[in-house]
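The following exercises concern the structure shown below. Each consists of a task and a solution in steps.

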Amino acid sequence: MELIDKLSILADAAKYDASCASSGAPKRSSRGKAGLGSSDGMGICHSFTPDGRCVSLLKVLLTNFCLFDCQYCVNRRSSNVPRARFTPEEVVRLTLSFYRRNTISGLFLSSGIIRSSDYTMEQMIQVARSLRETHQFRGYIHLKAIPEADPKLLEEAGRYADRLSANIELPTLTSLKTLAPEKELGTIHSAMDHMRQRIDAANDDARQDARHPVRSNNPKRQAPRYAPGGQSTQMIVGADATDDRTILQSAQHLYRDFRLKRVYYSAFSPIPERPAGLPQAAPPLLREHRLYQADFLIRSYGFQAEELLNAPGNLDLEIDPKLAWALAHRNDFPVDLNRAEPAMIARVPGIGLRSVQRLVDLRRLRRIRYQDLVALRCRLDTLRPFVITQDYRPADANLDSTRLRQSLTAPQPAQMALW
């Protein structure tokens, strides 16, 4: 099979994996050094770093042949799809070729399971090792970690990859047994825990080097590098009946126990010749969006999954989770921005974390006024009923949640078009 035909099949087969963002990678450059590539430039798959940089990644599978028969996967053993397989050398050649054309800044490599988990993991490591050691590639590399592989292989993978990800795919043990009986949740968690321990150890050594410059300047004593971008995972949304509360509780558990950088959510996409037990239609993409919003509130704002959904069910599709929480806790509002704790200000709909810090800094100098919120470009239409400033108190402070929601979600008047 021609290389371009393989690329067409294996790039398309990789599109279902959402956990390919490049955030968290250290900045590296080959300027003034031997080698090729950089992990901090403007970069086919686009992802965004926390500071807004766009990074383009070559996102492919090593192969879409697979021993497993996960029902939700288009590449499952029983699926009737075109199959292809790269050699490690072909992936290396493609990565370097695309980079030299200024098309990509890194590689996201996953694979179906062939022969065995260990063999497949070894093949992916061979790609990363060749890029790093033979070609001195300094760009971003994300490797899919195969949970069933020997821990020594996961150890080696982390020495070459910026980020590792072991996909949990489904949030409950029951769903995994039903739709992917060959996978073990305990095995996935064990792999995540092993990677967490190695990442923690590498970070501890790096902190020791920072405290002892003499040690850090000695090449023989430098801290080992292990997946400096951390680890991530993916959960499929809508392939089973699991509700959003359970999904968020599972994500919360993963963040707490394994210190994952990110949990990615992928709305189930009906696949060709799907088994009878799978849904006939994809869930609303807005549901995936709401889960990302709720996930951000858990990671960055201190919310708990049980706060965002205090009963089994799904997130409200009409309004975002932060506004939904504020409406459900009407007695906590309006918040006096000149007196409230920063954590409470962060829970005001329409005020982000950066604005919270700026407001806290400002009120050390003077009283906060409504015009300050305008200057910070906060979402004024959303926050008005929920805040008090030196010169502003909401007229609708006594509105109940139902009527306030109606006023916030009512269609806004718009200028009619002339033609």
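The model is predicted.

**Exercise 1. Strand E4 and its neighbours**

Determine whether strand E4 is enclosed or open, and establish which strands pair with E4.

Solution.

Step 1. Strand E4 spans residues 140-144, and five of its five residues are buried, so the strand is largely enclosed by the rest of the structure.

Step 2. In a regular strand, side chains alternate between the two faces of the sheet. In E4, one side carries Tyr140, His142 and Lys144, while Ile141 and Leu143 lie on the other; both faces are covered.

Step 3. Strand E3 (residues 106-110) runs parallel to E4 and is joined to it by four bridges. Within this pairing, Gly106 has Tyr140 as its bridge partner. Strand E5 (residues 163-165) is also parallel to E4, with three bridges between them. Here Leu143 is partnered by Leu164.

Step 4. The connections can now be added. Helix H3 (residues 117-134) forms a right-handed β-α-β unit with E3 and E4. Helix H4 (residues 151-160) likewise takes part in a right-handed β-α-β unit, with E4 and E5.

**Exercise 2. The surroundings of Tyr160**

Describe the environment of Tyr160, and state which side chain makes a polar contact with its side chain.

Solution.

Step 1. Tyr160 belongs to helix H4. Its relative accessibility is 9%, so Tyr160 counts as buried.

Step 2. Beyond its neighbours within four places in sequence, Tyr160 is in contact with Ile125, Ala128, Arg129, Arg132, Glu133, Ile141 and Arg225. One of these, Ile141, is a buried residue of E4.

Step 3. The side chains of Tyr160 and Glu133 form a polar contact of 3.0 Å. These two residues are 27 residues apart along the chain, and their C-alpha atoms are separated by 9.0 Å.

**Exercise 3. Cysteines and disulfides**

How many disulfides does the whole structure contain, and why do Cys66 and Cys73 form no such bond?

Solution.

Step 1. A search of the whole structure returns zero disulfides.

Step 2. The cysteine sulfur closest to that of Cys66 is in Cys73, at 6.4 Å, which is too far for a bond.

Step 3. For Cys73, the closest cysteine sulfur is that of Cys70, at 6.2 Å, again too far for a bond. The required separation is within 2.5 Å.

Step 4. Cys73 has 26% relative accessibility and therefore counts as partly exposed.

**Exercise 4. The buried side of helix H13**

Identify the buried residues of helix H13 and the helices against which they pack.

Solution.

Step 1. Helix H13 covers residues 353-363, and Ser355, Val356, Leu359, Val360 and Leu362 are buried in it.

Step 2. Around the axis these residues span an arc of only 165°, so they lie on the same side of H13.

Step 3. The buried residues of H13 pack against helix H12 (342-345) and helix H14 (370-375).

**Exercise 5. Arg347 in its loop**

Decide whether Arg347 is buried or exposed, and list its polar contacts.

Solution.

Step 1. Arg347 lies in the loop between H12 and H13. With a relative accessible area of 12%, Arg347 is buried, the cut-off being under 20%.

Step 2. Leaving out residues up to four places away in sequence, Arg347 touches Tyr301, Gly302, Phe303, Glu307, Lys322, Trp325 and Phe333.

Step 3. The side chain of Arg347 makes a polar contact of 2.7 Å with the side chain of Glu307. In addition, a polar atom of the Arg347 side chain lies 3.3 Å from the backbone oxygen of Gly302.

Technical notes: Residues numbered from 1 in each chain as written. Predicted model: local features only at pLDDT ≥ 70, side-chain atom pairs only at ≥ 80, totals over all residues. Heavy atoms only, no water. Buried < 20%, exposed > 50% of the residue type's maximum accessible area, 1.4 Å probe, protein only. Helix = DSSP H or I, 4+ residues; strand = E, 2+ residues; numbered from the N terminus. Pairing = 2+ DSSP bridges. Right-handed = clockwise from strand over helix to strand, strands pointing away. Arc of directions from axis to C-beta. Contact = heavy atoms within 4.5 Å. Polar contact = N/O pair within 3.5 Å; in protein donor to acceptor, adjacent residues only side chain to side chain.
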